[in-house]
Amino acid sequence: MINLSEELKSRISIEDVISRYWEEPDRAHRVKCFAHNGKDRNMLVKNGFVYCFVCGARFDIIGTVQHLFELSFIQACEKLNSDFNCGLPIGKKLTRSEMEELKRAEAQRIAARQAAENRKCIENKIFINVCDELHLTQAIVSALEPSKPIDIDTLDEELIDAYFAQLKRLEWLEWLADTLLGHDTDCEWTYTIGADTRVIYDRLISGDLTI
Ligand SMILES: [Zn+2]
């Protein structure tokens, strides 16, 4: 059984629906609530839903259209289908090839969602790894730090080399963590590796870059 409403939701964002039929969300993704007609922007528009912090109303794109235009579920689907030119065969008897086409689209959507979830999971593991290494290196650096006042004559050269190597590593890990969080960085790696989070994760996953 093909799920036409899921197909609509995959093609039309809640932001587009709210902007078109209600009002433009502000920078905090908020609008006035159309369910309780509030004056303040208490309704959050995000992740495929609207949610009102005051009255608790929660709608997806179809529920939103149902509520705004007082439509039935199928009428709301038809309105979205036609207003956003989705061309889905809603309320029609499907031909065999239309059915096949929809099944293919649905399978693709499920595969894409699964792939995105897997990727997110791998990225999270890598990031946790970076943070663990960062904390470990911070501990090593402070353990190796020469005690002050520094007496040049008694410095152990090997220890000092190790200290500087760990300092460099710490700098690298700090840069990596910052960049993966999307913060602006400005040091040698920003220029040699770049600041594109997706590309850096790609390279870490492929082993082209190591933590
Ligand atoms: Zn409300």
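What do the buried residues of helix 2 pack against? I started my notes with that one, keeping in mind that this is a predicted model.

**Helix 2.** I looked up the helix at residues 14–21 and found its buried residues to be Ile14, Val17 and Ile18. Looking down the axis of helix 2, I see these buried residues fall within an arc of 95°, so they line one face of the helix. That fits the general rule: an α-helix has 3.6 residues a turn, so residues three or four places apart point the same way.

**The partners.** Back to my opening question. The buried residues of helix 2 pack against three strands and a helix: strand 1 (30–31), strand 2 (43–46), strand 3 (49–52) and helix 3 (61–69).

**Elements.** Next I went through the whole chain and noted eight helices and four strands. Read from the N terminus, the order is α-α-β-β-β-β-α-α-α-α-α-α. I then checked the overall spread: the radius of gyration is 27 Å, well over the 17 Å from the globule rule for 211 residues, so the chain is more spread out than a compact globule.

**Extent and domains.** Along its principal axes, the C-alpha trace spans about 90 × 50 × 25 Å. I looked up the domain assignment too, and it gives domain 1 at 4–93 and domain 2 at 118–206. The centres of domain 1 and domain 2, taken over C-alpha atoms, are 45 Å apart.

**Burial and contacts.** I jotted down that 14% of the 211 residues count as buried. Last entry: among contacts between residues at least 6 apart in sequence, 44% join residues at least 24 apart.

Key. Residues are numbered from 1 along each chain as its sequence is written. This is a predicted model: local features need pLDDT of at least 70, side-chain atom pairs count only at pLDDT 80 or more; totals for chains, interfaces and linings use all residues. Domain bounds come from an automatic or database domain assignment. Helices (H or I, at least four residues) and strands (E, at least two) are DSSP runs, numbered from the N terminus. The radius of gyration is taken over C-alpha atoms; the globule rule is 2.2 Å times the number of residues to the power 0.38. A residue is buried if 20 or more other C-beta atoms lie within 10 Å of its own, exposed if 12 or fewer, and partly exposed in between; C-beta atoms are placed from the backbone. Two residues are in contact if their C-beta atoms, placed from the backbone, lie within 7 Å. The arc is that of the directions from the helix axis to the C-beta atoms.
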